[in-house]
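Hi,

Here is the structure I promised to pass on. Please have a look, and then read my notes underneath.

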Amino acid sequence: MIITVFDTETTGLKSDKHEIIELAYIKFQISDFGDRYVLKKFESKLKPQNIHLADSKALEINGYDEAKWKGAPIFSEIYEEVKKDFEESDLLLGQNLIFDLRFFNSMCKRDKLETPDFPPYLDSKATADRLCNEGWLKRSSMDYLCEHYKIQGIGRAHTALADCDRTMKVWDRLQADIGDQYEIYSFNNPYRRKY
């Protein structure tokens, strides 16, 4: 089984107005015995096409600096590789993953590219929300979950690759708490907070 942990950093919260400025994923192979191996790590800053529409708070959180993004590819230059890796995956995993998938989908439409056939996905936020509802956790934000589970990641939080690493580590801890009582979602049937 192949599971790919995916995360984006964006210029704001509205996928019809803002855009992805960084994306990353870690592609894992899960053996029949449950062992997990990294098949691929991918990380790329993306040159924004409409930076004038960006939310300044989002740029601050994501650490956007024009100099650091100089020479970054545009979305269409990394699209084929990312789409191929998504479509080779059996499952995706993310924190509130529908946010990232909707942004990716919007970027495809903006650039007149075929939208991927997203595989089903697991959502760490959905599982954490369930544990909040049952009184096991106080909040479901990634920062809180990392603090609660004493997880340290690579790199700076709110960079896409570091957040992929944190999400996988949080998922492992959530799964230990909840067992196999998690739900699987899809792009067309996403997680919607119930609690």
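Below is what turned up, beginning with the sheet and ending with the cores.

First, the ground rules: this is a predicted model, where local features need pLDDT of at least 70 and side-chain atom pairs count only at pLDDT 80 or more, while totals for chains, interfaces and linings use all residues. Residues are numbered from 1 along each chain as its sequence is written, and side-chain values use heavy atoms, without hydrogens and water.

Five strands form an open sheet with mixed pairing, in the order β3-β2-β1-β4-β5. (Strands are DSSP E runs of at least two residues, helices H or I runs of at least four, numbered from the N terminus; pairing takes at least two DSSP bridges.) At the edges sit β3 (36–45) and β5 (121–123), each paired on one side only. Strand β4 (residues 91–94) runs parallel to β5 over three bridges, and Leu92 has Tyr121 in β5 as its bridge partner.

The largest nonpolar core (buried Ala, Val, Leu, Ile, Met, Phe, Trp, Tyr and Cys residues joined through side-chain atoms within 4.5 Å; buried is under 20% relative accessible area with a 1.4 Å probe, protein chains only) has 26 residues. Among those with the most contacts inside it are Leu93, Leu145 and Val170. Helix α6 (160–178) is one of the suppliers of at least two residues, and its eight are the largest share. A second, separate core has 24 residues, including Leu92 and Phe104.

Enjoy exploring!

Methods: Buried < 20%, exposed > 50% of the residue type's maximum accessible area, 1.4 Å probe, protein only.
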